[in-house]
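Here is a friendly walk through one protein model, in questions and answers. Have the viewer ready and follow along.

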Amino acid sequence: MWNEDSGNWNSLRAPFSVGAKGSKVMVTTRNKGVAFMMGAEKNVYELKTLSEDACWSVFEKHAFEHRNIDEHPNLVSIGRKIVNKCGGLPLAATTLGGLLRSKRREDEWEKILNSKIWGWSGTEPEILPALRLSYHYLPSHLKRCFAYCAMFPKDYEFDSKNLVLLWMAEGLIQQPKGDRHRMEDLGDDYFCELLSRSFFQSSSNHESHFVMHDLIHDLAQEMPQQIGKLKNLQTLSDFIVGKSGFLGIKELKHLSHLRGKIRISQLKNVVNIQDAIDANLRTKLNVEELIMHWSKEFNDLRNEDTEMEVLLSLQPHTSLKKLNIEGFGGRQFLNWICDPSYFKLVELSLYGCIRCTSLASVGQLPFLKRLFIEGMDGVRRVGLEFEGQVSLYAKPFQCLESLCFENMKEWKEWSWSRESFSRLLQLEIKDCPRLSKKLPTHLTSLVRLEINNCPETMVPLPTHLPSLKELNIYYCPKMMPLWSSFAFDPFISVKRGSRSATDITSGNLASLRVSGCNQLVSLGEEEVQGLPCNIQYLEICKCDNLEKLPHGLQSYASLTELIIKDCSKLVSFPDKGFPLMLRRLTISNCQSLSSLPDSSNCCSSVCALEYLKIEECPSLICFPKGQLPTTLKELYISVCKNLKSLPEDIEVCALEHIDIRWCSSLIGFPKGKLPSTLKNLTLQPILEEMFHRNNNALEVLSIWGYPNLKTIPDCLYNLKHLQIRKCENLEFQPRQVQSLTSLTSLEMTDCENIKTIPDCFYNLKDLRIYKCEKLELQPHQLQSLTSLTTLEIINCENIKTLLSEWGLARLTSLKTLIISDYHHHHHPFLLPTTLVELCISSFKNLDSLAFLSLQRLTSLKRLCISRCPNLQSFLPTEGLSDTLSELSINGCPLLIQRCLKERGEDWPKIAHIPYVKIDGQLIFEQ
């Protein structure tokens, strides 16, 4: 805590008053006044400064890293005097130690000791002179990069890569002439240097993020004195306005060369209107996109009048192309926002300005194309003032193409003129719970319309939509789709007794999505088309009362995709079969559906169905008589617990992919045959009758939960990928597996009867074996797999063959090796030098990795060691390969002690590795 405002404290502590008896709240602060304000003066515990010896220990750790302290007695003497001036403050000792780590000469240390900065006095914290010394001796290019970070608020977590990109954008990274290093690499060097000097530290919340200590942040007061002087600065991605004079908005005054996109954040901190005037945004004629952000938090401390004056004073140049206003706290927008002189403005966004009670007259902006309005809680009515003045020469929103209203909690009605929105292509209205009045009519150019989560909307939608191609209606329970035969009238209010859609014979509508419309009972009466005749895509979801589809569904010649989901009362499809051009059909979670379209009623020679997916339809027992369309390529069936049979003559289809899962009543394939074109087959779980040996085209086979499977068919000549799980009785018989000559990937899990790996898989590249309890590896079995690039063997505890006899060195293509749960003695042997990744896990008796000769692995990039409780040594005397970029150690307590940062015996041998994780944490966090 650092705020001494008692009102804020009373608000914060209110929830604590109902805590359980005995509960305690611990607060940390650097200000005694905060403790007294909180009424905790009797319970204050003051942290004392470090003793001189303890402070020296902190300083020594950083200043003498990678150096033998006994070889530098004079530096020790000077260092102890410097530590004395640190006053027992650990942050001071840390930063000064980091500063002196790279300085070898005594005169450099003497400069720090005798600097005049120690003598600076004033009201600032006593630690700042020590920190300022660290800053003073930074190279100039690092000073600029550090000062740039002052615009981040305190406790802001940032990613190093993004920060480097920001530095690059600001031109803060200098590339020496002739230097061929990438700018990103130079920036990373800058960052690492500042990190090593403790200007940054790892975040405790996100391992890949960093923060500045708040006292280090205070040190960057240098920034306000500098950014205003960077008169040639062109890019300023996010300027965060500080409080109490820190990094004030007026720093933008002389930055007349700014260009492109600029974000100004925390404008709520501007209290002096003159500062906003001095920012002089009107002179920034090259700024094309401006984001003005106040705050998402609204409280009594924010002054509406002040924020309106600030917005008035920050009027940008008329060359602006995009404008975002976020979290503005005024009652209304200023006139400059809708001034027609902004003739280049094409996009305007107004977000979260909850105190505004009306919208600006942005209809006057002559070339505005995209308008987004969101979170305007104070707006109840959108009237003609939204359009502005109408004239013969300037129609409202004359160029607007896209309009979106979202999260307007109090908006009820919308008034408009017939001249407006003449070019509007897209209209979206989302999360407007009280909108109930009618919407604009005669939107003759509208192509896409979406209304989402507007539960009160039940009045007619626009009636004259000749260009509409896509219509999406989500969660509007008082609406239902209706069309007329003489004019496109897609939605009207539900009348008493009205239960279905009416006829339409014309229209351009190609895509219709309806979800959560409980008034929808049917899409057409018997023998009547209730949908637009040119419909191509139809999706109906969560319409709980939908009972039937149009009887003439088969005659919709343009329909190519149909999706029906979560319609619990839908019983059946029309009897006349599939629409002729339907290519994709998905039926999901239709609890009452008992029958499917009868494909025998359509001519298979012209039927186009390619994809059929049926899931969670418990009332479906069988497919209709007749064969599926011969065009069908993909069939997915899952969680249909009462489905007993598949389509007749399934073997004559052109199916390439079959995926059947969790259909417990399914008894087999008709006629015991699979399609000859089948390439990918997944069965889970399945009965023995469903697996036959008549398929030569199969390329991918996945079998789950097939306890009766004893062997693999001997005719799978083209099979490339085989996955087998929970097939307890499967064995590899030499005669049957001889046909698997094309196999490149094999995965076996929980196949307890597998004892051996055939040595005939000459093309195998990926082999993964998990929990095969009886597996025994003979020396010759792996040696023949010379194409293998990945080998993973986990929890196969019956393997007794020594690792040294596996012949791994002969696998000259191997790149990834993962071995777990191996408990036998180890003799030295060679691994292939091609290895890129090596993972060793759960070797309970392992105490050393010397037998692996890790120093020979000159291509190794990733090394993982986990759950080896007795492992004490893993580093060869020669050290690890310079190619290693990632080291991970988990659950190896003895080894972890040797690898502790700066203290462990093995630390110097791994300090060069860029990414080191120990027990899930980056090494930098230790």
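A contact here means heavy atoms within 4.5 Å. Keep in mind that this is a predicted model.

Q: How many helices and strands does the protein chain have?
A: Let's begin with the whole chain, where buried residues make up 48% of the 926 residues. Of the contacts with a separation of 6 or more, 52% come from residues 24 or more positions apart. As for secondary structure, the count for the protein chain is 18 helices and 36 strands.

Q: Which residues of α4 do Glu 52, Asp 53, Cys 55, Trp 56 and Phe 59 in α3 meet?
A: Helix α3 covers residues 52-63 and helix α4 covers residues 73-85, and their axes come within 10 Å. With heavy atoms within 4.5 Å as the criterion, the partners in α4 are Val 76, Gly 79, Arg 80, Ile 82, Val 83 and Asn 84.

Q: Is α3 roughly parallel or oblique to α4?
A: The axes of α3 and α4 cross at roughly 120°. Roughly perpendicular covers 65 to 115 degrees, and roughly antiparallel begins over 145. The crossing is right-handed, and its angle makes α3 oblique to α4.

Q: Why do the buried residues of α9 line one face of the helix?
A: In α9, residues 160-169, the buried ones are Ser 160, Leu 163, Val 164 and Trp 167. An α-helix has 3.6 residues a turn, so residues three or four places apart point the same way. Seen down the axis of α9, the buried residues line one face because they fall within an arc of 100°.

Q: Which elements do the buried residues of α9 pack against?
A: Ser 160, Leu 163, Val 164 and Trp 167 are the buried residues to follow here. Their packing partners are α8 (140-148), β1 (158-159), α10 (183-196) and β3 (209-211).

Q: What phi does Gly 171 take, just after α9?
A: Both ends of α9 have something to look at. At its start, a side-chain oxygen of Asp 159 reaches to within 3.0 Å of the backbone nitrogen of Lys 161. Just after the helix, Gly 171 has a positive phi of about 75°.

Q: Is Arg 101 buried or exposed?
A: Arg 101 sits in the loop between α5 (90-100) and α6 (106-113). Leaving out residues up to four places away in sequence, Arg 101 touches His 62, Ala 63, Glu 65, Arg 67 and Ser 196. A polar atom of the Arg 101 side chain lies 3.0 Å from the backbone oxygen of His 62. The relative accessible area of Arg 101 is 16%, and the cut-off is under 20%, so Arg 101 is buried.

How values were computed: Residues are numbered from 1 along each chain as its sequence is written. This is a predicted model: local features need pLDDT of at least 70, side-chain atom pairs count only at pLDDT 80 or more; totals for chains, interfaces and linings use all residues. Side-chain values use heavy atoms; hydrogens and water are left out. Buried means under 20% relative accessible area, exposed over 50%, partly exposed in between (1.4 Å probe, protein chains only). Helices (H or I, at least four residues) and strands (E, at least two) are DSSP runs, numbered from the N terminus. The arc is that of the directions from the helix axis to the C-beta atoms. A polar contact is a pair of N or O atoms within 3.5 Å; within protein, one must be able to donate a hydrogen and the other to accept it, and residues adjacent in sequence count only if both atoms are side-chain atoms. Axes are lines fitted to C-alpha atoms, for helices over the stretch in contact, and angles run from 0 to 180 degrees between N-to-C directions. Angles under 35 degrees count as roughly parallel, over 145 as roughly antiparallel, 65 to 115 as roughly perpendicular and the rest as oblique. A crossing is left-handed if the near helix is turned anticlockwise from the far one by less than a right angle, and right-handed if clockwise.
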